[in-house]
Structure formats: C-alpha cells, structure tokens
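Below are some remarks on the model you sent, set out as numbered points. Please read them with the coordinates open.

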Amino acid sequence: MICDNLNINEKGHLEFAGRDTVELAEKYATPLYLLDEDKIREKCRIYTSSMRKYFGEDAMPLYAGKALCIKDIYRIMREEGMGIDVVSPGEVYTARVGGFPMERAYFHGNNKTDTDISFALDMGVGYFVCDSVDELYAIEREAAKRSITQKVLLRVTPGIDPHTHQAINTGRVDSKFGAAIETGQAKDLVALALSQKHISVMGYHCHIGSQIFETTPFTDAADIMIKFSADMKDELGFEAKEINLGGGMGVRYIEEHPEIDYAANIAVIADHMKAVCSARGLKFPAVRMEPGRSIVADAGMTLYTAGTVKTIPGFKNYVSIDGGMPDNPRYALYQSPYTVELANRMNDKKDFVCTVAGRCCESGDLIQEDVPLPRPERGDIVAVLTTGAYNHSMASNYNRIPRPPVVVLRGGEDRLVLRRESYEDMLACEV
Ligand SMILES: *Cc1c(COP(=O)(O)O)cnc(C)c1O
C-alpha cells in the first residue's frame, strides 16, 4: 500500500492507523475525514530532527497551516516543537486560540491589509514575511504606533521553475509573490527595509512551488538564496541571520509516485548550503523550511458511501459518492491524482474501471477517473487516501452540502475534533 499506516485486516477491510475504516464509517457516518495523529507527529519529527542534525540546532521547520488549519493541529505543532506559517488573520486566530506560542509564527501573504497587519501584531505574531515595498511601509507604520520593533523576513523570488528542474533567469520572476532578485527589486527591498526604524530584518524567504519530488529545485533555490545573501553583505553590509526555503516537498498519492526520503533531501540541501556559505565567507544561517502537504497529507483519509453505479455501454462507468468537490476540490481544480479503494472489499478483484463522481450538480465534480475497483454496490464504503492536506482546508458548502467531521485517530482511540456541519450552521451568518 502507498503508506505504512494502511493495512488490510482479516475481514478484508481497509485499516488506517490500526483501525477498521468500515467500523469508523458506521460509527460517524460518511462523508468522514480521518486523521492519523501518530503519522503527523512522525513527519514533524523527521523534519525537526533532520533539520537540527544537518542545518544545526537553530534550524526549525514551520508547519504551513494552509494545508490543514484546525485548532487541534496547533496543539500537535506546539508539542512537537514546530514553528508555523500562517497566511491570513483567520489562520492567526485559529493558531492563537489553539494555544500555539505565536512568537514562533511567520505571517505570509502577498496582500496583507492594514487591518491584517494590526491584528497579527496584536496577536503576537513573531515574524512577518514581507512581500512588497507597500507592505513594508504598512508594517513600519503599525509597529511605530505600538513603539515596537517587528522582526521581518523579506520574500524574494529566486527565479526557479521547479517543474523544469532548473534555475532559469526568467521563469517565475513574474510571480505575484515577493521581489525578484533578477530585476534588482529584491535588493531595493532589502535596502529600504534596513532603513526602517521599527523593522528588524532577519533574513530572506522563498517558496518555489509544491509537490516537488526532486532535490535539485531546492538545492538550486538554496544556492541562489545564499548567493543573494552574500551579495547583500558585500553591497549593503547586511548579513542575514535566517534563510527560509519555503515548503513544497512532494507526497506519494499513487503507487507511481516515488517514496520520498525527507531526511536525505534535507541532508543534500544542507551540504549545498554549507559549501556555498564557506565559498562566500558567510556564517551559516538559521534555516527554516515550511512543509504543509508533507506533514499532513498521508495522515488523512476520506470515507464516503457509494450510491448510484452507472454503466454506459461502450463508454464508461460511474460510481457516485455522498461527497465530492465540496470536501475535495483538488481533482476538479488540478486533476490531482488520488488512490481510491473499496474499504469493505479490499480483497475483491478490481475488474471495474470507473470514474468516481461527486454528488454536486456539476459535471466537473469528479474525485478521480479511470479507477480500478471491484464493481461497487450501493452502500459500499469508498476510501480516498492521502487527503490530509488541502481537502478540509479547501472545503466549501457548494450545493449547500455540510462539511464532513474530522476524527483523529491515535493509539487505537478515535476522537471527534470537528463535528459535522448542520444545516443551521450553514445559515448561521445570514441575518
Ligand atoms: C503553500 C506554501 C507552503 C506549503 O507548501 P507545501 O507544498 O504544502 O509544503 C509553504 N510556504 C509557503 C509560502 C506557501 O505558499
């Protein structure tokens, strides 16, 4: 199976985190999100321990909350010694209410409003990842009002296209995020930031993309960031204390995807950075990485119940489920691959190739196409694997469908951390 928290038990049922998924579907009804807390912790530890080992004791991974943002996640992140990446006042609020120590929070986004900035300062956010000159002035104004000095990283675009696996001079310079090194705007932003009275520049941030399997895009980005830091030291006399390489390490969604050795990748990136630092006479910086997907994706699973099964002779087969794009919009948005199983019939022959369709009035509401399954019967349990990242956090009420509950599994116990939305919940904001 694609992850070691999956198994088939003696009843031929799919097990997840040591639990029979068919029993969980009966207990909580479907659609249902499951989360394997031990897997989340295991992933956090891979990042914390290998970053400390290879980058040094002052390195720290930041969990990117946009992958899955619920209060309970921040309890786990606090206990695991992670920092966090937050991208909106809503995420800031969730983390704070979840008891996260906000001095370890990094606030991102290409358009933080004055209200957002003010709110984040009041919530005690430790770092701002400043995206532009406009934002720099806004942070300076809000920090001055409070007579504080705000720690800031400056977001730069290194000009890497992770999907052509190379550093190129033009690619990605046109991003909506950050200031481009290539055009000289990054240097201007650094110079301006250094001249602000209420801003303390800690270093630089970049994020090159997501679901990246190779290490080269990361080592290329790390090279460019270190060289940029060395140039700024030479030209502006400023040496960065922190370098943040962003998120983006890939996750295995289907058998064809490689298994990823995160620790080995981190070791390779560290070797590169050390070599470039010593070549340019730089002190090795405190390194930050921002994994989102690779922390929570394979700790998640969604369970559905099969409904209508339809065969169009000579064309295709459909199995419709009781969820769909409202709880997982990723196939509709990006044709994202997922592994789908019939959880109550894991040992049956998969001789029925079908499209797994959601229940929305929308032809594009599909979860996956060309899926081999045993021919489903109405009432069978359909499991979509690896849905821990960018599923619940992207969920909507499209077609007035309530969002599913989240049940956390740990040490053989199951615990409801987020209840199923009710129809009243969906009307709650209507005045
Ligand atoms: C999305 C994002 C991340 C997390 O990316 P993953 O692919 O989920 O690891 C980290 N940092 C920034 C700035 C992002 O935009």
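1. Which side chain has an N or O atom 3.2 Å from a nitrogen atom of the ligand? That side chain belongs to aspartate 85. Please keep in mind, here and in the points that follow, that this is a predicted model.

2. Two further polar contacts involve oxygen atoms of the ligand: a polar side-chain atom of lysine 66 lies 2.6 Å from a ligand oxygen, and an N or O atom in the side chain of tyrosine 390 is likewise 2.6 Å from an oxygen atom of the ligand. The ligand has 390 Å² of accessible area on its own, and the protein covers 94% of that area.

3. As for the surroundings as a whole, the ligand sits in the largest pocket, and 15 residues lie around it, of which Lys66, Ser210, Glu290, Arg293 and Tyr390 come nearest. Sorted by class, this shell comprises seven polar, five charged and three nonpolar residues.

4. Tyrosine 390 deserves a second look for its backbone, since this residue, although not a glycine, has a positive phi of about 60°. Tyrosine 390 belongs to the loop that joins strand S21 (381-385) to strand S22 (406-410), and it counts as buried because its relative accessibility is 11%, where the cut-off is under 20%.

5. Aspartate 370 also has a positive phi, of about 55°, without being a glycine, but this residue is found in strand S20 (residues 366-373). With a relative accessible area of 63%, aspartate 370 is exposed, because the threshold for that class is over 50%. Most residues other than glycine have a negative phi, and most peptide bonds are trans.

6. The peptide bond from threonine 30 to proline 31 is cis, with omega near -10°. Proline 31 is placed in the loop between helix H1 (21-28) and strand S4 (32-36), and I would suggest that the text mention this bond explicitly.

7. Two buried polar or charged residues could be described together. Asparagine 9, in the loop between strand S1 (6-8) and strand S2 (14-16), has a relative accessible area of 10% and is therefore buried, and its side chain reaches the backbone nitrogen of lysine 11 at 3.0 Å. Aspartate 223, which is found in helix H8 (residues 216-236), counts as buried at 13% relative accessibility; from C-alpha to C-alpha, aspartate 223 is 47 Å from leucine 24 in space, and the two are 199 residues apart in sequence.

Definitions and conventions:
Residues numbered from 1 in each chain as written. Predicted model: local features only at pLDDT ≥ 70, side-chain atom pairs only at ≥ 80, totals over all residues. Heavy atoms only, no water. Near = heavy atom within 4 Å. Polar contact = N/O pair within 3.5 Å; in protein donor to acceptor, adjacent residues only side chain to side chain. Areas by Shrake-Rupley, 256 points an atom, 1.4 Å probe, with all protein chains shown as cover. 1 Å grid on protein atoms, 1.4 Å probe; cavity = no way out; pocket = protein on both sides within 12 Å on 5 of 7 lines; lining within 4 Å. Sits in = over half its atoms within 2 Å of the grid points. Nonpolar A, V, L, I, M, F, W, Y, C, P; charged D, E, K, R; others polar. Helix = DSSP H or I, 4+ residues; strand = E, 2+ residues; numbered from the N terminus. Buried < 20%, exposed > 50% of the residue type's maximum accessible area, 1.4 Å probe, protein only.
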